[in-house]
Structure formats: structure tokens, C-alpha cells
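Grab your favourite viewer and work through these exercises at your own pace. Each one sets a task, and a stepwise solution follows.

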Amino acid sequence: MSTPQPRVTVRVPAKVNVQLAVGPARPDGFHDLANVFLAVGLHDEVTATPAEELRITCEGPGADQVPLDRGNLAAKAATALAALHGRSDAVHLHIAKNIPVAGGMAGGSADGAAALLACDRLWGTATPRAQLLEICAELGSDVPFSLVGGAALGTGRGERLEPLPVGGTFHWVFALADGGLSTPAVFREFDRLAGPGVPAPTASRALLEALRAGDAKALAAAASNDLQPAALSLFPALADTFAAGTAAGALAALVSGSGPTTAFLAADEPAARAVAAALTASGTCRTVHRTTSPAPGATVTASTLGR
Ligand code: C5P
């Protein structure tokens, strides 16, 4: 009997920031953040199989905009893990994409975290969790959260995580924009709009309490994103999407991360359905996704290992 080809698939969630408090630019070019991450049920899947050399392929919406070279965070993750264990980084990583590309939902970061976990399982390297998180932090500010999922407060440049309790399910509608925004460009616009004297970022106590209580109304009242004026300045059409979602009864409308995806928090599932239908009918966005949070972090969903 022939042995099946070794193969590991990892499912990884997108994120929304229910608070994104941004401090002044640091000497290293990053910004200190108080970043409340919430993982949402919109996923990419990364499948790792043995190969002669490192190779990335990608399918799904926006796949044509995903770099397939060593600049892809999934490739960087494989290379970093291979270097840690003194082995070759030869692997085929196939990305099944559903998280919007360049949408402010950490799609690239998600693929990095998923690739790391998939390679670790495929190669049998059994890397301790703390070391995987260190590699994630080197790959990008949002990558550690993609591994961990759930809800967390990110400080530093967003990579230092403290898990947060969540007392219920939140209902979200995401409106995908036509086009993307570059995260560095949005941070630069933040610096320009904010000028000097930006205070140190702090997490909102009311927001953390709303998460703990599972209280959507309180979460909506406390949610904020300091990058929102910058994203709206670079992408003014987002104001029309906000207006459509708010008119349909959304409790809160937020730019997701650095945008241009917009996130609408709804009171419950019927309310979310109404917001999604209104956004679809409004013609102010490309696609609409309805989902819930929190969602688990990167998880192995299928694994066939050779002998
Ligand atoms: O860490 P990551 O590679 O995702 O960051 C992408 C870019 O976003 C950085 O090069 C920087 O311009 C900006 N950024 C920032 N402050 C952060 C996180 C990201 O200025 N805390």
C-alpha cells in the first residue's frame, strides 16, 4: 500500500481591533499601541506539503494581489522556523484565501502564523509555544495575535499580548472596499493629522469591561480606532459605507485596523442580517461578510504525516 503524501492544514482567523489607541512615532519607526484584538470567524487556510524548494501558491478572492515570493509572511515564517532548527526551508505552502487582502484584518499576518504552525507540525520540530510566539513577533506586529486568537490586549507595537476574557458572542458585519490601503501609509497619515504631542496610548477600562460582560451596546459605545481619521482621509468613500451601515441599525461602525475594510457591530444575529443586506444593497462596498467573535487562533484542522 502506498503511504499518503504528508500534509498539514491550519485554519487561522482574521481580526478586528475594537480599540486601536496609537501613540507617537518611535525612533524605530513603529508606534506604541494599546490594541484590543478580537479574532473573528473569517478564515484563511494554509496547507503545508513537502517540496524540493520553498514555494507559495494562493487561491481565493484577491489571490492575484498576494506576493508568491519570499516576501510573503508565510514564506518568512517557514524560513525563520527552518533557521531555528538548522534545517532546509523547502516546503510547499498553499494559501486558501478568504480574509480580505490589504484590508486591515491581518490576512497576511494570519498566513504567517498558520504557516509557522503547519511547518512545525509537518517537520516534527515540536517548537515550544513561547518560541513560536517570538518568531511571530519578529514577522510582524499582528502575527502573535493570529496564533493566539480569542481576544487580547496588544501593547508595545502590538506584539506583546495579554489574553482578555470575553463573556459572550458578538455579531459583526464586514464591508470590503474596492481597493486596499497600505498600513505604513495610514500610520504616516496619522502622524501628519495628529501633529506633535500625541499622548501615550492606554486601553479603555469601559471597553475591557464590555468585552468581559459580552455587552454589545457597551462595546459599541467604547470602541475606537485612532487610525480611522487617517484611513478616511486616504479613502474618503468609506464615509458612504459608514452611513449605509449606521442607517441600517449598526451599534457601531469602525474602520478595521488600518482599513479599508469597515466593521459594523450589531446587537444580535437578526440585526446583523439587516445591516449586511442594507450594505449589500447600498452599492458602497465590494463584498459583505457576516460573522461572529471571538474565534480560536491558528488551529491544525487536518494532518497526514508520513512515517
Ligand atoms: O509590524 P508590521 O510589519 O505589520 O507593520 C507594518 C508597518 O505598519 C510598519 O512598517 C509601520 O510602518 C507600521 N506600524 C507602526 N506601528 C505599529 C505597527 C505597525 O507604525 N505598532
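A polar contact here is a pair of N or O atoms within 3.5 Å. Keep in mind that the model is predicted.

**Exercise 1. Find the polar contacts of the ligand.**

Look for N or O atoms of the protein that pair with the ligand, and note whether each belongs to a side chain or to the backbone.

*Solution.*
- Step 1: Start at Ser141, where an N or O atom of the side chain is 2.5 Å from an oxygen atom of the ligand.
- Step 2: Go on to His31, which places a polar side-chain atom 2.7 Å from a ligand oxygen.
- Step 3: Turn to the backbone of Arg157, where a polar atom is 2.9 Å from a nitrogen atom of the ligand.
- Step 4: Ask how much of the ligand is covered: on its own the ligand has 450 Å² of accessible area, and the protein covers 74% of this.

**Exercise 2. Describe the shell around the ligand.**

Which residues surround the ligand, and which helix gives the most to the shell?

*Solution.*
- Step 1: List the neighbours, taking a heavy atom within 4 Å as the cut-off. The shell consists of Gly29, Phe30, His31, Leu33, Gly140, Ser141, Arg157, Thr183, Pro184 and Phe187.
- Step 2: Sort them by class, which gives five polar, four nonpolar and one charged residues.
- Step 3: Assign them to elements. Strand E2 (31-49) and helix H5 (183-194) each supply at least two shell residues, and H5 gives the most, with three.

**Exercise 3. Place the ligand in a pocket.**

In which pocket does the ligand sit, and what lines that pocket?

*Solution.*
- Step 1: Locate the ligand, which sits in the largest pocket. That pocket holds about 1000 Å³ of space.
- Step 2: Examine its lining of 41 residues; nearest the centre lie Ser109, Asp142, Thr183, Pro184 and Ser258.
- Step 3: Match the lining to elements. Strand E1 (7-25), E2, helix H2 (107-123) and H5 each bring at least two residues, with H5 giving the most, five.
- Step 4: Split the lining by class into 18 polar, 16 nonpolar and seven charged residues.

**Exercise 4. Look at the other spaces.**

What are the volumes of the second largest pocket and of the largest cavity?

*Solution.*
- Step 1: The second largest pocket has a volume of about 180 Å³. Among its 14 lining residues, Pro61, Gly62, Val101, Leu176 and Arg286 are closest to its centre.
- Step 2: Searching the whole structure for cavities of 30 Å³ or more turns up one. The largest cavity contains about 40 Å³ of space.
- Step 3: Check the lining of this cavity, which includes Val101, Leu176, Pro260 and Arg286. By class, the cavity lining has six nonpolar, three polar and one charged residues.

**Exercise 5. Inspect the backbone.**

Where are the cis peptide bonds, and what is phi of Ala106?

*Solution.*
- Step 1: Recall the usual case: most peptide bonds are trans, and most residues other than glycine have a negative phi.
- Step 2: Gly259 and Pro260 are joined by a cis bond with omega about 5°; Pro260 is in the loop between strand E9 (252-255) and strand E10 (262-266).
- Step 3: Another cis bond runs from Ser293 to Pro294, with omega near -5°. Pro294 belongs to the loop between strand E11 (287-293) and strand E12 (299-304).
- Step 4: Ala106 has a positive phi, near 65°, and lies in the loop between strand E4 (92-96) and H2.

Methods:
Residues are numbered from 1 along each chain as its sequence is written. This is a predicted model: local features need pLDDT of at least 70, side-chain atom pairs count only at pLDDT 80 or more; totals for chains, interfaces and linings use all residues. Side-chain values use heavy atoms; hydrogens and water are left out. A polar contact is a pair of N or O atoms within 3.5 Å; within protein, one must be able to donate a hydrogen and the other to accept it, and residues adjacent in sequence count only if both atoms are side-chain atoms. Accessible areas come from the Shrake-Rupley method with a 1.4 Å probe; for residues, only the protein chains shown count as cover. On a 1 Å grid over the protein atoms alone, a cavity is a set of points where a 1.4 Å probe fits but cannot get out, and a pocket is an open set with protein on both sides within 12 Å along at least five of seven lines; lining residues have an atom within 4 Å of a point. A molecule sits in a cavity or pocket if more than half of its atoms lie within 2 Å of its grid points. Helices (H or I, at least four residues) and strands (E, at least two) are DSSP runs, numbered from the N terminus. Ala, Val, Leu, Ile, Met, Phe, Trp, Tyr, Cys and Pro count as nonpolar, Asp, Glu, Lys and Arg as charged, and the others, Gly among them, as polar. Grid points are joined across faces, edges and corners, and a volume is the space filled by probe spheres set on the points.
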